[in-house]
Amino acid sequence: MSRQQPSIEKNYLNETHGFWSWAYTLDHKRIGVMYLLTILFFFLVGGVLGLLVRLELLEPTNWLVSNQTYNEMFTLHGVIMIFIFVIPVIPSALGNFVIPLLIGARDVAFPRLNIASYWIFVSGVIVLMVSMVHPIDTGWTFYTPYSAKTATSVTIVALGIFLVGMSSILTGLNFIVTIHKLRAPGMSWHRLPLFIWGIYATSIINVLATPVVGVTFLMLLSERLLGFGFFDPSKGGDPLLFQHFFWFYSHPVVYVMILPAMGIISEIIPVFTRKPIFGYKAIAYSSLAIAGAGFLVWGHHMFVAGMSSIATIIFSFLTFSVAIPTGVKVFNWIATMYRGSINLDSPMIYALTFIFLFIIGGLTGPFLGSLATDVHLHETYFLVAHFHYTIMGGTVMGLFAGLHYWFPKITGRMLDEKTAKRAWAFILVGFNVTFFNMFILGFRGMPRRYATYPEKFQSQHIISTVGSWILAAGILIMFYNFIRCIYKGEKAPANPWRGLTLEWTTPSPPPTENFKEIPVVTDWPYSYGKRKDADG
Amino acid sequence: MRAYKTYIFVWLTLLVLTAATVSVSYMQLGVFNAVAALIIASVKASLVALYFMHLRHEKELVWAFALFPIAFLALIIAGTLTDTLFR
Amino acid sequence: MAEYSEKKAMASEGTAGAFEKAKLGIWAFLATELMLFGGLFTAYTVYRIRYQALFHEQHLHLNRTFGAVNTVILICSSLSVAIGIAAIKAGKLAVLKLCLAITLGLASSFLFIKYLEYSEHIGNGELPSSNLFFSLYYMMTGLHAIHVLAGMAALTTMLLLTNRGAFSKEYSTPVEITGIYWHFVDLVWIYLFPLLYLIG
């Protein structure tokens, strides 16, 4: 285990100074940090919007805001959380930092494309913020015909999302070529860390699916601005075509959200269990399988929209297939932990929380994927609970796990474990109180996207709102821990967790060039105990 | 130069195929007009990809990058048609 | 057992490695372009099947001659790019410059003809909002034209760089990458032409 590094050692943070040395940087680590700060800021903005939505729902009437304002609030909450936060956060922020380190490279394949992607992302975010002068009210799903006709700034938002999507595409392209071409000598595909497999599968989705939403928004814009008739029934167009195109992207994108998080879990569990990962190849290939299967199921968002019966049956059948590779991962993580020496430091408790919450989110999927039950549950709070369990209970918990795991590497400091665990307790309790309650609310018939509701639902709404405050408190404590420990945290050694992946062989924080010498890899990164490689 | 010769030959073939596809469009073949046009277009596209874009001399990895996305194009068309064709 | 020899390790360094990376990069980018146009091809398929009579009737309003001439223009421009690249790989800078200039000239003619076509349609009252066929026609050829413009920007940059002596027998990666992109632009038109102008 390495000794602590002297504090004046040159690293990627202090090697050069000044705004332009960051704005024009080609260093993937700095780019990752810039993405992280930008995105986490907007996570808080989106979170505040979520709290406001829940605040209005304390009363069954419009006690805080009008219906119009409420529609704008939940739309903006969704747009920010999905496009600015959950989609890019792990790949573009953590991924940019960690991928070259994990594969033993000095940087990504196309560093200039990388910094360009960041600035394209920022321009998209700025455009989205400009749209707030006249907030949109369509829901983050922008269904036509309303989105083609409404007077709100759909045009500006569409442009913003186009730019943010462009950033995802270019980042995905960069990562694919990086993983193919820049692995250290000896790092064959079966010696890759599982996070890399997850990112690889994610990048394939980003490259193939995102352009479709791009052209969808182009078509929406052309309809709004120039009277094209693609989605306009009065011109023979089909509003459902918008939904096909939108969901052809937006379903695979939820796998963009979850695959990197699953990759993080696959990294953390062996380290904190001191055991080789069980079923490396199964986990690796299940990432590809999830990405592939994810492209086959988009129609399950449209069961009651007016599709043909044949389409609904086919999409429902295919929807069940995605559960299989997902289940493979969950069983393999649990098998890894069996008879392991478990260390419950903060990365691990978030990883365990991920597994717990994602299982709940995942198991509630089939209820929605089955045609008959979906007729009752679609567009109710059951759906809202399902996607918050999978996205927040899944991706966001995975993100928190990854932040706690790699915080020492990124900042050169350790987090305060007590505060971390205190924050976690609030988050766990707050999250479940807020969202588990919503499954029942949905079953009882409460529809989503309504500011007002029948009195009989009020007590449950109050429960969820109070839960949201507990959750918010936990997140604030967690952020306080991050900020405080950047300055006052204990100095971190190169390998605080005794991990075997390559990022732990370089100082915390790493020097700009990552490694003094490119390492030669002779083993897989999970050689805890006796197992020597993926093939046993 | 040898390379030039190949390119010129491919170019001439493309021009001939263009003439062919225009002539076929004047015949009344019903649905086979579309089939013929798409087949000819695909042959032209393959020639451009294989010779002009050098796919012919590339390794399997590049072929994978080139061919794999076509499956997804087919997927979005087929999937949407399962709805729109059978409403 | 070292699966990767020193040579392969160095494969990512140096110009050979850089070219391999760039090639993968451009093909990955073309995958995104395929899916971008893919949405429009899907819309075309859906509406063509649904409104066969409309498509047949409306496509007769397109100028088949212009369409065919444009197809020939783009095919010739692919040839000129290909010859230019073969030339620089043999160290013939002057031929590359000439070929790039010819390609740019052909591309401009393509856009000029599209301008003539669009003006004619607009004059006839055939607007994007007129009917679904014309919505698709303008959208697909419009998006394609934007890609032609982008390609022209890249080709112009290549021409300027060539003038500055940036390329040689040993190093011509940016030109080759631009060439692959340009061929893709030709490829899309190879499908657009029959789908819009010939079958209806």
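The following exchange concerns a predicted model and considers chain B, its contact with chain A, and one residue of chain A.

Trainee: What is the radius of gyration of chain B?

Mentor: The secondary structure of chain B consists of three helices and zero strands, in the order α-α-α along the sequence. For 87 residues the globule rule gives 12 Å, and the value for chain B is well over this, so chain B is more spread out than a compact globule. The radius of gyration of chain B is 17 Å.

Trainee: How far apart do the C-alpha centres of domain 1 and domain 2 of chain B lie?

Mentor: In chain B, domain 1 covers 1-53 and domain 2 covers 59-87. The C-alpha atoms of the chain fill a box of roughly 55 × 40 × 10 Å along the principal axes. Between the C-alpha centres of the two domains the distance is 22 Å.

Trainee: How many residues on the side of chain B that touches chain A are nonpolar?

Mentor: The contact takes 13 residues from chain A and eleven residues from chain B. Of those on the side of chain B, two are charged and three are polar, while the nonpolar residues number six.

Trainee: Is A:Leu441 buried or exposed?

Mentor: A:Leu441 belongs to helix H16 (residues 417-443) of chain A. Beyond four places away in sequence, A:Leu441 touches A:Tyr381, A:Met446, A:Phe457 and A:Gln460. The C-alpha atom of A:Gln460, 19 residues apart along the chain, is separated from that of A:Leu441 by 6.9 Å. Because 24 other C-beta atoms lie within 10 Å, and 20 or more suffice, A:Leu441 is buried.

Key: Residues numbered from 1 in each chain as written. Chains lettered and ligands numbered in written order. Predicted model: local features only at pLDDT ≥ 70, side-chain atom pairs only at ≥ 80, totals over all residues. Contact = placed C-beta atoms within 7 Å. Nonpolar A, V, L, I, M, F, W, Y, C, P; charged D, E, K, R; others polar. Domains from an automatic or database assignment. Helix = DSSP H or I, 4+ residues; strand = E, 2+ residues; numbered from the N terminus. Buried ≥ 20, exposed ≤ 12 C-beta atoms within 10 Å, placed from the backbone. Rg over C-alpha atoms; globule rule 2.2 N^0.38 Å.
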